[in-house]
Amino acid sequence: LKEARAKRMDIQWHKVPPVLAPKFLGTQVLRDYPLERLVKKIDWSPLFALWQIRGKYPNRGYPKVFNDEVVGAEAQRLFADAQLLLQDIVHKKKFQAHGIMGFYPANAVGDDIEVYADESRTEPVATFYGLRQQCYEE
């Protein structure tokens, strides 16, 4: 534990560009979010992994897997099928997307992260307990 704490990440905030503040603090609920916008954000790599379609380096992951000599053609067929299914879902509005997100002030306190309701940071409303960076690096 002592060694893990000694190796914790030490960010020199005065040496890095300033972090942009979020446009709001608190929670925002998203109702009936446009599926068209979500489709553009899909990470397709897990789909290919699930179907055990893995290219060999350097053709691993989406979209590089399409270039793989062994699995590239099958990856393209799977992707085309998925695109047809997605088009049907979006066009016929078979799903509704709802979500929630929140931005809150937070501070590291020892091994933990305290989350606050507002910028006054007087009273934590939640604490995430956990040790970080415990893996041995060679």
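Helices (H or I, at least four residues) and strands (E, at least two) are DSSP runs here, numbered from the N terminus. The structure is a predicted model, so to speak of local features takes a pLDDT of at least 70 and side-chain atom pairs count only at pLDDT 80 or more, while totals for chains, interfaces and linings use all residues. Residues are numbered from 1 along each chain as its sequence is written, and side-chain values use heavy atoms, with hydrogens and water left out.

A good place to start is helix 4, which covers residues 72-91. Its 20 residues should span 28 Å at 1.5 Å a residue (the expected span being 1.5 Å times one less than the number of residues), and the end C-alpha atoms are indeed 28 Å apart, which agrees. Eight names come up on its buried side, where buried means under 20% relative accessible area, exposed over 50%, and partly exposed in between (1.4 Å probe, protein chains only): Gly72, Ala75, Leu78, Phe79, Ala82, Leu86, Ile89 and Val90. Seen down the helix axis, these buried residues fall within an arc of 120 degrees (taken from the directions from the axis to the C-beta atoms), so they line one face of helix 4. Turned away from that side are the exposed residues Asp81, Leu84, Leu85, Gln87 and His91.

What does the buried side pack against? The buried residues of helix 4 pack against helix 2 (35-39) and helix 3, with contact meaning heavy atoms within 4.5 Å. Ala82, for one, touches Trp44 and Leu47, leaving out residues up to four places away in sequence. Ala82 and Trp44 also both belong to the largest nonpolar core, which has eleven residues, including Phe48, Ile53, Val65 and Phe66. Such a core is a set of buried Ala, Val, Leu, Ile, Met, Phe, Trp, Tyr and Cys residues joined through side-chain atoms within 4.5 Å. Helix 4 gives the most to this core, with five residues.

The loop between helix 3 (45-50) and helix 4 holds Asn59. Asn59 is buried, at a relative accessible area of 17%, and apart from neighbours within four places in sequence it is in contact with Lys64, Val65, Asn67 and Asp68. Pro58 sits in this loop, and the peptide bond from Tyr57 to Pro58 is cis, with omega near 10 degrees. Pro63 is in the loop between helix 3 and helix 4 as well, and a cis bond with omega about 0 degrees joins Tyr62 to Pro63.

Most peptide bonds are trans, and most residues other than glycine have a negative phi. Just after helix 4, Lys93 takes a positive phi of about 50 degrees. Lys93 lies in the loop between helix 4 and strand 2 (97-103) and counts as exposed at 64% relative accessibility. Asp32, in strand 1, has a positive phi near 50 degrees and counts as partly exposed at 46%.

Further along comes an open sheet of three strands in the order 3-4-5, with antiparallel pairing; two strands pair if DSSP finds at least two bridges between them. Strand 3 (106-109) and strand 5 (124-128) are the edges, each pairing on one side only. Strand 3 and strand 4 (residues 112-116) share four bridges, and Ala108 has Ile113 as its bridge partner in strand 4.
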